[in-house]
Amino acid sequence: MTTLIDQINAACADAFAACGFDTKFAAVRESDRPDMADFQCNGALPIGKMQKQNPMDVADKIVAAMADNPIVTVEAARPGFLNFRVRDSALAHHIATIAADPRSLAVTAATASKILVDYGGPNVAKDMHVGHLRAAIIGQALKDILRFAGHDADGDVHLGDWGLQMGQLIAFIEAEHPHLLDGGEITMEDLQAWYPQASGLSKTDDAFREKARAATMALQAGQADYFALWERMRAASVASLKRDYDWLGVQFEYWYGESRYQSALDTMVADLQSTGVAELDDGAMIIRTSDDGKLPPLILRNSNGAYGYGATDVATIQDRIQDPALQTILYVVDARQSTHFKQVFKSCERAGYLGTVSAEHIAFGTVNGTDGKPFKTREGGTMRLTDLIAMMVDAVRARLDDAGSIPETDRAAVAQTVAQAAIKFGELSHDREKNYVFDIDQFAQFEGKTGPYLQYTCVRIQTLLDAAAQDGKTPGTITSVGDGGRALALALDAFPAAIDKSIKARKPSHLANHAYRIAEAANGFYQKNRVLSAGVSAEDAASHLATLAAAQRQLTLALDLMGISVPTKM
RNA sequence: GCACCCAUAGCUCAGCUGGAUAGAGCGCUGCCCUCCGAAGGCAGAGGUCUGAGGUUCGAAUCCUCAUGGGUGCGCCA
């Protein structure tokens, strides 16, 4: 059981070999010209050039060598293209092959890699915002796709639960709510209210800033009351974060945070200094990362003696590589941290921490509003993730009310599922490296290239399958490709390639765009091939149902890998 | 000043390792529901792929420069 493109690729390579041509030119790809071919190979052009032959003659030889191929007909075209057209019978049979495989012909990696995906990064006491949304959705999809492909991938939230921000909060609490130092409940709502004040004071009030610094140092030194306070703040935050992540269907195997690595910092930095990797400069402990000064040094410890996230991130790697099986660490983090990660990776390289482990920064761009500027609330503040989600759910709910296609009692639940699809597909269908515009109205549309459209496609097919079953009609042998079935079959065949590209480029967008392609082709097929209408033969009905079921199955699988579920009605 | 990223239709975006007429969605113009969900399908208008060089039989794709945006540049994370 293998894809058509792989089968044709193999046959083409055989033909090249038989003709005495280098098989590296035998690569087959989907055709640019569906009107002329399903697949194409351009290898005759460079061969013609190299051997000073007419590329058409080269192509003709290959055509002759493949003349009696059972699955495909071959033609040579103009300058020297090889055009492959899959035979109808082979195509019909192939749809059944895809449908019979729960993995839609996607292979499992021959050798599984152990991969850690770092895709959280929310801070204690601060609300999550759209930036965290990107990391969460892309990271979760990457992890799930890697697992589907047979890899051993885990996620770590890497909480921002340490550092000056904690000191600021402690100083603020000490000043405004001192009784909390002796215990007492702290809620996320409290923290949300306090953090902006503490942060603001830190900017305007010199005395407060000093207190915050002192508190940070004291916390790092392990002062008991501060530490207890910190633990309660962290617990309240984690509970809140988990609610948001739960809604998004995001799960982390590890809820580690920056605090986890603090106790290791003194030793680590001392070691790095003794080996000459780290050095004192202007009172700060740094690691130089370049000779030409193009990349700034990484600061491990500032001149006040406090450790920053430079040290923490190096220590994090040092800790992670304790797992000897680990091969890759993926950091799904905002592109603005690009320089920082270069510094950290270079530092770890110099320190000898990375060894054979590869660390990659999976950068993503900024989320903008419809004005093209970073996404903000109408008032200009940062949009809380919770609020953004609520807005999306409201928009979807309004649309469901308007359509009135399902009972009122079901709408609240369906609105959640559809809003999740809208947000996730809106995110995943974009190239992560670029900035993108988060347009609530556009994403919550049910028309066009949206998450809800993909769900709708599945729901629609399911409804038909159910209705057909009531009528005694079930999916059967695929006897004909059907009108529009060729495009659908070829699209279904491309699923393994989409998975492969998503993994190689670390871009789930390839899978998202593939899913959309399936939905388009499936809807086209649905529209053109009647099943329950009068005059449709039992054979055709069974064949068409099987084709649609195959499409639905793969689409559902792709959606599942993107964390999108499909309601039964919508 | 130095470094990195981006530039494709009115708007939002695809375009895989360079290949045959550059594709979607939204919006716009027309069609298609006595018939399985029209949240759909079909067709049309709309692009000197920012500009200029270069490599190549062939460039949206690779290289250089320019222009216009974005971002980051040792003691916040």
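In this predicted model, the side chain of Arg78 reaches toward RNA strand B. One of its N or O atoms is 3.5 Å from a sugar or linking oxygen of the strand. Arg399 makes a similar kind of contact. A side-chain N or O atom of Arg399 is 3.4 Å from a sugar or linking oxygen of RNA strand B. Asn529 offers its backbone instead: a backbone N or O atom of Asn529 lies 2.8 Å from a base nitrogen of RNA strand B.

Which elements give two or more residues to the surface near RNA strand B? Among the helices are H2 (44–50), H12 (338–351), H13 (385–403), H16 (451–470) and H19 (509–528). The strands are E4 (81–86), E8 (284–287) and E13 (436–437). The largest share, 8 residues, comes from H19.

Now take the whole surface around the RNA. There, 70 residues surround RNA strand B. The closest are Arg33, Lys49, Ile299, Asn302 and Phe446. By class, the surface near the strand has 26 nonpolar, 20 polar and 24 charged residues. What part of the RNA faces the protein? Of the RNA atoms within 4 Å of the protein, 57% belong to sugar or phosphate. The rest belong to bases.

Next, turn from the RNA to the inside of the protein. In soluble globular proteins, nonpolar side chains tend to be buried together. Here the largest nonpolar core has 159 residues. Phe16, Phe84 and Phe438 have the most contacts inside this core. The core draws at least three residues from each of domain 1 (4–86) and domain 2 (164–233). Those are the two domains that the domain assignment gives for chain A. Their centres, taken over C-alpha atoms, are separated by 69 Å.

Phe84 is a good place to look inside this core. What does Phe84 touch, leaving out residues up to four places away in sequence? Its partners include Ile8, Cys12, Val28, Ala37 and Phe39. Met66, Val72 and Val74 are also among them. So are Asp38, Gln40, Cys41 and Thr73. Apart from the largest core lies another core, of 29 residues. Tyr261, Leu265, Leu300 and Val344 are among its members.

Go back to helix H13, one of the elements at the RNA surface. Ile389 lies in this helix. Is Ile389 buried or exposed? Its relative accessible area is 7%, so Ile389 is buried. Beyond residues up to four places away in sequence, Ile389 touches Trp247 and Ile423. Leu248 is 141 residues from Ile389 along the chain, yet their C-alpha atoms are separated by 9.4 Å.

Finally, look at the backbone in two loops. Most residues other than glycine have a negative phi. Ala125 has a positive phi of about 75°, although it is not a glycine. Ala125 lies in the loop between strand E5 (114–118) and helix H5 (130–148). With a relative accessible area of 2%, Ala125 is buried.

His158 also has a positive phi, near 45°, and is a residue other than glycine. Where is His158 found? His158 sits in the loop between strand E6 (152–156) and helix H6 (164–176). Is His158 buried or exposed? Its relative accessible area is 9%, and the cut-off for buried is under 20%. His158 is therefore buried.

Notes:
Residues are numbered from 1 along each chain as its sequence is written. Chains are lettered from A and ligands numbered from 1 in the order in which they are written. This is a predicted model: local features need pLDDT of at least 70, side-chain atom pairs count only at pLDDT 80 or more; totals for chains, interfaces and linings use all residues. Side-chain values use heavy atoms; hydrogens and water are left out. A nonpolar core is a set of buried Ala, Val, Leu, Ile, Met, Phe, Trp, Tyr and Cys residues joined through side-chain atoms within 4.5 Å. Buried means under 20% relative accessible area, exposed over 50%, partly exposed in between (1.4 Å probe, protein chains only). Domain bounds come from an automatic or database domain assignment. Contact means heavy atoms within 4.5 Å. A residue is near a molecule or strand if one of its heavy atoms lies within 4 Å of it. A polar contact is a pair of N or O atoms within 3.5 Å; within protein, one must be able to donate a hydrogen and the other to accept it, and residues adjacent in sequence count only if both atoms are side-chain atoms. Helices (H or I, at least four residues) and strands (E, at least two) are DSSP runs, numbered from the N terminus. Ala, Val, Leu, Ile, Met, Phe, Trp, Tyr, Cys and Pro count as nonpolar, Asp, Glu, Lys and Arg as charged, and the others, Gly among them, as polar.
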